[in-house]
Amino acid sequence: KFINMLNEFWGEYDLSNMEIIFNVDKETLNEINSKLYYGTEHNGEPEETDEIIINLNGYKIIYRLRE
């Protein structure tokens, strides 16, 4: 939904160099990491991380651990 909103409002501009950064707490970052990991049918446990980078439809979305 977020990417659709960006395309609707700024779709005419080249935003390929734009980074969208969300500073999140450890619990939220772990939840996103788990959903992405298990959503691609992996076995085991996801590795712990301080940052998750997703490239989606030309947008770079970063979830970063809030310090």
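**View 1. A nonpolar patch on the surface of the predicted model.** In this predicted model, the side chains to look for are those of Phe2, Met5, Phe9, Trp10, Tyr13 and Phe22, which make a nonpolar surface patch of about 610 Å². The element that gives the most to this patch is helix 1, which covers residues 2–10 and supplies four residues.

**View 2. Phe9 within helix 1.** This close-up turns to one member of the patch, Phe9, a residue found in helix 1. Phe9 has a relative accessible area of 53%, and it is therefore classed as exposed, since that term applies to values over 50%.

**View 3. The order of helices and strands.** The secondary structure of the protein comes to two helices and three strands, and a reader who follows the chain along its sequence meets them in the pattern α-β-α-β-β. Among the contacts between residues at least 6 apart in sequence, 47% join residues that lie at least 24 apart.

**View 4. Overall dimensions and surface.** The C-alpha trace of the protein spans about 40 × 30 × 20 Å along its principal axes, and its radius of gyration is 14 Å, whereas a compact globule of 67 residues would have a value near 11 Å. Of the 67 residues in the protein, 22% are buried. The protein exposes about 5,500 Å², and carbon and sulfur atoms supply 47% of that area.

How values were computed
Residues are numbered from 1 along each chain as its sequence is written. This is a predicted model: local features need pLDDT of at least 70, side-chain atom pairs count only at pLDDT 80 or more; totals for chains, interfaces and linings use all residues. Side-chain values use heavy atoms; hydrogens and water are left out. Patches are made of residues with over 30% relative accessible area and no salt bridge: like charges are joined within 9 Å, nonpolar side chains (Val, Leu, Ile, Met, Phe, Trp, Tyr) within 5 Å. Accessible areas come from the Shrake-Rupley method with a 1.4 Å probe; for residues, only the protein chains shown count as cover. A salt bridge is a side-chain nitrogen of Lys or Arg within 4 Å of a carboxyl oxygen of Asp or Glu. Buried means under 20% relative accessible area, exposed over 50%, partly exposed in between (1.4 Å probe, protein chains only). The radius of gyration is taken over C-alpha atoms; the globule rule is 2.2 Å times the number of residues to the power 0.38. Contact means heavy atoms within 4.5 Å.
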